[in-house]
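User: I'm new to reading structures, and I'd like to know how such descriptions are justified. Could we go through this one together?
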Amino acid sequence: MIKEHLDLYEVFIRGKRGLDHKHVGSLHAEDPEQALEYARDIYTRRGEGVSIWVVRSRDITASQEDDSEAFYDPSNDKPYRLATYYRLPDEVNNM
Amino acid sequence: MAEQNTRQDTLEYAQRLGDDAVVLGHRLSEWCSNAPFLEEDLALANTALDFIGRARMYYGYAAELADDGRDEDDFAYLRDQRDYRNLLLHELPRGDFAFTQARQYFIDVYNQLFLEELRQSADERLAAIAAKAVKESRYHLRRSRDWMLRLGDGTEESHRRTQTAVDNLWGYTHELFELDPLEQRLVDAGVAVDVAALRDPWREQVGTLLDEATLRQPADDWAVRGGREGYHTENLGHLLTEMQALHRAYPGCSW
């Protein structure tokens, strides 16, 4: 199959001291293997990472700007979901 | 006396390996801003820098052995083509993308075998350079091997271009496995790699890949040689003219 445009991939890298992979950017590649190699060449050349994930951008399902009201506003008036809402009794010293 | 001779031979050997690296590094650098797409542009430039870095290590060591005030820049920028001793395969023009990748693949397979051996060298400095470089070459090989499969077993046009590249390069690969008296002396001293012994494993690896990439292994009906004696194709002079222009116009310049 001849592709007119290469697929877009998102790149995630776990840094030397990091525990989780962080999104660092995106790139174009023919397939996942090539995406992994390009990620190595583009995002780790200064020794940034010890592990790389790549995933086709179109495989990511993302929330939309329009969703924000329905998604996030409802939690704004529920302060009891935050630890700071609670006052610690004086007896608890070491929290 | 024998020690002094080995030192002189080792100097020449390090210089040869530096020449291979700097010439190929320059050829690869010619793709910078010219590659088929951005990601490949960066990847090729990375590879070019690996080879230029390798040249610095070899020349740096040669300069130490020479101990006559020359430094790595003198080796790279102030020698003319007859003094360059790179194998001819490295200096051929970059050609189309298929040609660049096919050449790279042949050289990467060779380097991986070569550097594994050089790591065992009795010369600790060369062994240390090889230990660092072999890791790069493993990665280079992974890339160029992928490209051979992609291009060889790709579209009709990519197949045709890659086969043409393989055919046009093949006659330059024989020289990779030849030892001249100097290298034979260093092999006997445990310093240099016996490249003649690399021919069979190289052919086996390359043959398997060519099959897999639906490419045909060319006949051995022509061979060009002379690089280690300083006899070059007409291409090296042009390459050096460009590569050395700045240093010759502004000696010792830096930025």
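User: How many residues does the contact take from chain B and from chain A?

Analyst: Happy to help! This is a predicted model. In it, the contact takes nine residues from chain B and 11 residues from chain A. On the side of chain B that touches chain A, H2(B) gives the most, with four residues.

User: What makes A:Tyr38, A:Asp41 and A:Ile42 count as meeting H2(B)?

Analyst: Two residues are in contact if their C-beta atoms, placed from the backbone, lie within 7 Å. These three residues of H1(A) meet B:Glu39, B:Leu42, B:Ala43 and B:Asn46 in H2(B), so they count as a contact by that cut-off. By class, this contact has four nonpolar, one polar and two charged residues.

User: Why is the crossing of H1(A) and H2(B) called left-handed?

Analyst: A crossing gets that name if the near helix is turned anticlockwise from the far one by less than a right angle. The two axes cross at roughly 65 degrees and the crossing is left-handed, so the near helix is turned anticlockwise from the far one. The axes come within 9 Å.

User: How do you know that E1(A) and E2(A) pair?

Analyst: Pairing needs at least two bridges found by DSSP. Seven bridges join E1(A) to E2(A), so the two strands pair. One bridge partner in E2(A) is A:Lys22, which goes with A:Ile13.

User: And what makes E2(A) and E3(A) edge strands?

Analyst: Each of them pairs on one side only. The open sheet has the order E2-E1-E3 in chain A, with antiparallel pairing.

Note on methods. Residues numbered from 1 in each chain as written. Chains lettered and ligands numbered in written order. Predicted model: local features only at pLDDT ≥ 70, side-chain atom pairs only at ≥ 80, totals over all residues. Axes fitted to C-alpha atoms, helices over the stretch in contact; angles between N-to-C directions. Nonpolar A, V, L, I, M, F, W, Y, C, P; charged D, E, K, R; others polar.
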